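Reader: I have just opened this model and would like to understand the words people use for it. Could you take me through them?

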Amino acid sequence: MSSTSLPTTIRAVLQPDIQSTDLILTSLPFQSAKPNTDEHVIKVHATAPCAGELLWGKNFPDSVLKPGKILVPCYDLSGEVITAPPNSPFPPGTEIYTRTPAHITGNAREYTVAKTAELAAKPANLSWEEAASIPLSTFTAYQALFEHGELKLGWKDAAGRAENAKKRVLITAGAGGVGVIAVQLARAAGVGSVIAITGTSNVEFVKSLGATEVIDYRKTSLGEWARAQPKVDLVFDMLGGQTLADAWTAVREGGILLGIREPPEMRKPSGVAEGIRDSFFIMESKGEQLAELAPVIESGDLKPVVDSVFPLEEFKEAFAKVEGGHSRGKVIIKI
């Protein structure tokens, strides 16, 4: 598409008031890439809401509300490069997917802008909707397991896979958007015991993703399970609250406890094992990690899980489904 045929206005979902989670569908000016930068203009095909994101501006204004940001939500995307800087590895026509940072305008709009380091080529075996379901969940799961959790990339390294085979890893919210990816990545890396928490209706589904054991929270609390079972090497928690408090009791001495909903230290009970390393982290968009996982995705060892797809006009229904907290995998908005 030539620059002369680019639109002057685009359809977009907008959050008009930072103090309110209400959204509207409106028209916004088309955003061009800044000259002499590594920005790419992307025609968006699909995007994905994230639970709680409509409160980020209110709760974390210093991090989220950077100068010039227009409050368009949704930071995951799949789409096609329309304009690119000279010598970009993603020239016009490249099919890409990524997650853009939360301090810039989001992607629930017909065209968006992303930088070279954020981009990865979309695996050929994924639909636009499937591709948009992956970035946030995969960045978060990858960084939890292999950066903060210190597991090895077992699909690349036989020695690392053998080391992972000795590990016990516990993943809460196993049927959620991040959980379904974390379970699959742990399995693909050769983790010996992949234990996941989910509700009754999702037990068999989470087992099918590669969990070797599933805790049905409607029947057994994590605290009850932890009192009766061997301790684990790593817990990756996405729920916070009582589940995070119970997670402390499930980790072995010297093990690792990671949280992305709340800092684990806030929920630490008395009498837990010594030397547990706990960490709260926020994922970073790293296109090279998506590229690294392309063979795992293309082989079918890592499959996207899409709960439902809504057209742009039904954005309110999409956000309601996400905030309901019981979706299986990701909710997608098709642009």
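Author: Happy to; we will go through a few labels and set each against its cut-off. Keep in mind that this is a predicted model.

Reader: Why is Glu 39 called buried?

Author: Buried means under 20% relative accessible area. Glu 39 has 9% relative accessibility, so the residue counts as buried.

Reader: And what makes Lys 34 and Glu 39 a salt bridge?

Author: The rule asks for a side-chain nitrogen of Lys or Arg within 4 Å of a carboxyl oxygen of Asp or Glu. For Lys 34 and Glu 39 the closest N and O atoms are 3.5 Å apart, so the pair meets the rule. By this rule the count comes to 14 salt bridges.

Reader: Why is the salt bridge between Glu 147 and Lys 286 said to tie parts together?

Author: The N to O distance of this pair is 3.4 Å. Glu 147 sits in helix α4, while Lys 286 belongs to the loop between β13 (277–280) and α10; these parts are 139 residues apart in sequence, so the pair ties them together.

Reader: Why is Glu 204 called exposed but Lys 207 partly exposed?

Author: Exposed means over 50%, and partly exposed lies between that and the buried limit of 20%. Glu 204 has a relative accessible area of 55%, so the label is exposed. Lys 207 has 39%, so the label is partly exposed. The two side chains meet in a salt bridge at 3.7 Å, N to O, and both residues lie in helix α7, about one turn of the helix apart.

Reader: How do you know that Asp 246 has no salt bridge?

Author: The nearest side chain of opposite charge, Arg 227, is 6.2 Å away, and the limit is 4 Å, so the pair does not qualify. Asp 246, in helix α9 (residues 241–250), is buried. A polar atom of the Asp 246 side chain does lie 3.3 Å from the backbone nitrogen of Gly 223.

Reader: Why is the largest nonpolar core said to lie between two domains?

Author: Domain 1 (9–134 + 305–334) and domain 2 (149–280) both give residues to this core, so it lies between them. The core has 52 residues, and those touching the most other members are Leu 145, Val 183, Leu 185, Val 206 and Phe 236. Leaving aside neighbours within four places in sequence, Val 206 is in contact with residues including Val 183, Ala 196 and Val 214.

Key
Residues numbered from 1 in each chain as written. Predicted model: local features only at pLDDT ≥ 70, side-chain atom pairs only at ≥ 80, totals over all residues. Heavy atoms only, no water. Core = buried A, V, L, I, M, F, W, Y, C linked by side-chain atoms within 4.5 Å. Buried < 20%, exposed > 50% of the residue type's maximum accessible area, 1.4 Å probe, protein only. Domains from an automatic or database assignment. Contact = heavy atoms within 4.5 Å. Helix = DSSP H or I, 4+ residues; strand = E, 2+ residues; numbered from the N terminus. Lys, Arg positive; Asp, Glu negative; His and termini not counted. Polar contact = N/O pair within 3.5 Å; in protein donor to acceptor, adjacent residues only side chain to side chain.
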